Amino acid sequence: MNLKMDRNNENLKMSELVLEHNHALHLPETLHLTVSQGKISDLQAFEIETTNDAKIGSKAAHELATRQVGGPLNLSYTLRDHKNYLRTKRQREVAYGQAGSLLKYFRDKIAENPSFQYALQMDREEQIANIFWVDAKMIMDYAHFGDVRTVVFGAALMYDETFELFKWLFETFLKAHNGQQPKTFYTDKDATMGKAIAEVFFEAWHGLCTFHIMQNAIKHLHEDKDEEKEKGKKKQKKKQKRNWRRMNA
């Protein structure tokens with residue numbers, strides 16, 4: 001359909017109309033990426049829950065599932081579908097009684113010490129999605145030792161790992177600690193978290209955790225078993241040659 005604006009009357013006029021489809025609605029190889037096609041079978045749901053119970057991150061678990069079926073084109077759901085499934089599952093598990101008990105716990109803590117603080121973030125369906133809390137000791141420790149010691153300065157329960165949620169968490173953290181920016185901030189190599197840190201903790205020095213760097217080095221820079229075997233054979237041959245020369249010397 002082609003439309004033209006009649007500037008005199010400020011109306012749209014149709015200049016051409018083709019009722020038949022003249023282009024492909026969707027490429028077959030990317031059809032599974034559409035929202036309507038993202039389906040998770042019972043077996044896939046079981047595997048997602050199993051990897052989540054084993055403390056395997058959503059990204060790593062989705063990469064594993066992709067490799068098992070021979071590539072992303074053969075998997076019927078995306079990483080976003082994976083995360084949405086876990087989020088929905090967790091929301092179902094947080095029953096009304098459990099949420100009420102948690103809020104009662106927070107109110108009791110505030111009654112004991114007014115310095116106790118907590119914050120909730122709701123989703124579009126007005127369900128509790130993320131929770132953050134700090135007690136008086138955490139606030140005091142951060143004020144005195146936030147730049148030199150490893151101490152718990154806050155706690156949170158998060159249903160996802162998006163930029164918006166990390167930004168909310170960090171902003172809530174600053175509010176709880178009177179806007180005091182951290183001096184240093186160590187994380188693993190998470191681009192989403194790094195983006196949120198740069199926007200909220202703009203005065204902090206952001207470093208990468210040495211442990212995660214070493215783990216990634218071992219994962220991506222290890223030698224193949226075939227190469228190790230080949231090197232072992234070469235060393236053995238050199239050793240045999242040296243022994244043979246000694247015997248004939």
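Me: Which residues does Val134 touch, leaving out those up to four places away in sequence?
Reply: Happy to start here: this is a predicted model, where local features need pLDDT of at least 70, side-chain atom pairs count only at pLDDT 80 or more, and totals for chains, interfaces and linings use all residues. Residues are numbered from 1 along each chain as its sequence is written, and side-chain values use heavy atoms, with hydrogens and water left out. Contact means heavy atoms within 4.5 Å. On that basis, Val134 touches Ser115, Phe116, Gln117, Ile139, Phe153, Gly154, Ala176 and His177.

Me: Which element gives the largest share of the largest nonpolar core?
Reply: A nonpolar core is a set of buried Ala, Val, Leu, Ile, Met, Phe, Trp, Tyr and Cys residues joined through side-chain atoms within 4.5 Å, where buried means under 20% relative accessible area, exposed over 50% and partly exposed in between (1.4 Å probe, protein chains only). The largest such core has 23 residues, and Val134 is among those with the most contacts inside it. Helices (H or I, at least four residues) and strands (E, at least two) are DSSP runs, numbered from the N terminus. With 8 residues, the largest share comes from H6.

Me: Is Asp141, the salt-bridge partner of Lys137, buried or exposed?
Reply: A salt bridge puts a side-chain nitrogen of Lys or Arg within 4 Å of a carboxyl oxygen of Asp or Glu, and for Lys137 and Asp141 the closest N and O atoms are 2.8 Å apart. The two residues are 4 apart in helix H5, so about one helical turn separates them. Lys137 counts as exposed at 57% relative accessibility, whereas Asp141, at 11%, is buried.
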